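These are my notebook entries on a structure I had not examined before. I set down what I looked up, topic by topic.

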Amino acid sequence: MSIRYSQDFKDSLVKLHQEGRSLKSLADEFGPSKDSIAIWVKQATPIMIKGQSKTLKDVKQLEKRLAIFEEENEILSRIS
């Protein structure tokens, strides 16, 4: 059974890690695995795209929006 953690909880562990806490200490104290916390840290780590700072989460959201727009455009092109 997988446990769902709130985004606020994930964000707080990411912040603690960024402030110097080890993945192991966070896992031991709060419960999620080190691997889960590492994924959350990776998703929250900014990357530069065309001079703008984006997180992996931002990029995933943009990809979803793009897929929706492409599908809508395909439907509209069939109608006209």
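The entries below go from the whole chain to single residues.

**Entry 1. The chain as a whole**

I began by noting that the model is a predicted one. I then listed the secondary structure of the protein chain and found 4 helices and 2 strands. Read from the N terminus, the order of these elements is α-α-α-β-β-α.

I next looked up the overall dimensions. Along the principal axes, the C-alpha atoms of the protein chain fill a box of roughly 60 × 40 × 20 Å. The radius of gyration of the protein chain is 18 Å, whereas a compact globule of 80 residues would have one near 12 Å.

I also asked what share of the residues of the protein chain counts as buried. The share is 12% of the 80 residues. For contacts between residues at least 6 apart in sequence, I noted that 26% join residues at least 24 apart.

**Entry 2. Helices α1 and α3**

I turned to the packing of two helices. In general, two packed helices are described by the angle between their axes and the distance between the axes. I therefore looked up both values for helix α1, residues 7–18, and helix α3, residues 34–44. The angle is about 85 degrees, and the axes lie 9 Å apart. An angle of 65 to 115 degrees counts as roughly perpendicular, so α1 and α3 are roughly perpendicular to each other.

Which residues of α1 and α3 meet? On the α1 side I recorded Phe9, Lys10, Leu13, Val14 and His17. On the α3 side I recorded Ile37, Trp40, Val41 and Ala44. Sorted by class, the contact of α1 with α3 has 7 nonpolar residues, 1 polar and 1 charged.

**Entry 3. The aromatic residues**

I searched for paired aromatic rings, and the count came to 4 aromatic pairs. One of them joins Phe9 and Phe30: the ring centres are 6.3 Å apart and the planes stand at 75 degrees, so the pair is edge-to-face. Phe9 lies in helix α1 and Phe30 in helix α2, residues 23–30, so this pair ties together parts that are 21 residues apart in sequence. I checked the accessibility of both residues. Phe9 counts as partly exposed, at 23% relative accessibility, and Phe30 also counts as partly exposed, at 32%.

Phe9 forms an edge-to-face aromatic pair with Trp40 as well, with 6.4 Å centre to centre and 80 degrees between the planes. This pair links distant parts of the chain, for Phe9 is in helix α1 and Trp40 in helix α3, 31 residues apart. Is Trp40 buried or exposed? I found Trp40 to be buried, with a relative accessible area of 10%.

I noted finally that Tyr5, Phe9, Phe30 and Trp40 form one aromatic cluster.

**Entry 4. The loops on either side of β2**

I looked at Lys50, whose place is in the loop between β1 (47–49) and β2 (52–54). Lys50 has a positive phi of about 50 degrees although it is not a glycine. With 83% relative accessibility, Lys50 counts as exposed.

I then moved on to Thr55, which lies in the loop between β2 and α4. Thr55 counts as buried, at 18% relative accessibility. Which residues does Thr55 contact, leaving aside its neighbours within four places in sequence? I listed Gln43, Ala44, Thr45 and Pro46. Ala44 had already appeared among the residues of α3 that meet α1.

**Entry 5. Two acidic positions and their distances**

I located Asp35 in helix α3. Asp35 counts as exposed, at 58% relative accessibility. I looked up its separation from Phe9, which is 26 residues away along the chain, and the C-alpha atoms of the two are separated by 15 Å.

I placed Glu63 in helix α4, residues 56–79. Glu63 counts as partly exposed, with 45% relative accessibility. How far apart are Glu63 and Ala38 in sequence and in space? I found 25 residues in sequence and 22 Å in space, C-alpha to C-alpha.

Conventions
Residues numbered from 1 in each chain as written. Predicted model: local features only at pLDDT ≥ 70, side-chain atom pairs only at ≥ 80, totals over all residues. Heavy atoms only, no water. Axes fitted to C-alpha atoms, helices over the stretch in contact; angles between N-to-C directions. Parallel < 35°, antiparallel > 145°, perpendicular 65-115°, else oblique. Contact = heavy atoms within 4.5 Å. Nonpolar A, V, L, I, M, F, W, Y, C, P; charged D, E, K, R; others polar. Buried < 20%, exposed > 50% of the residue type's maximum accessible area, 1.4 Å probe, protein only. Phe/Tyr/Trp six-rings, centres within 6.5 Å; stacked < 30°, edge-to-face > 60°. Rg over C-alpha atoms; globule rule 2.2 N^0.38 Å.
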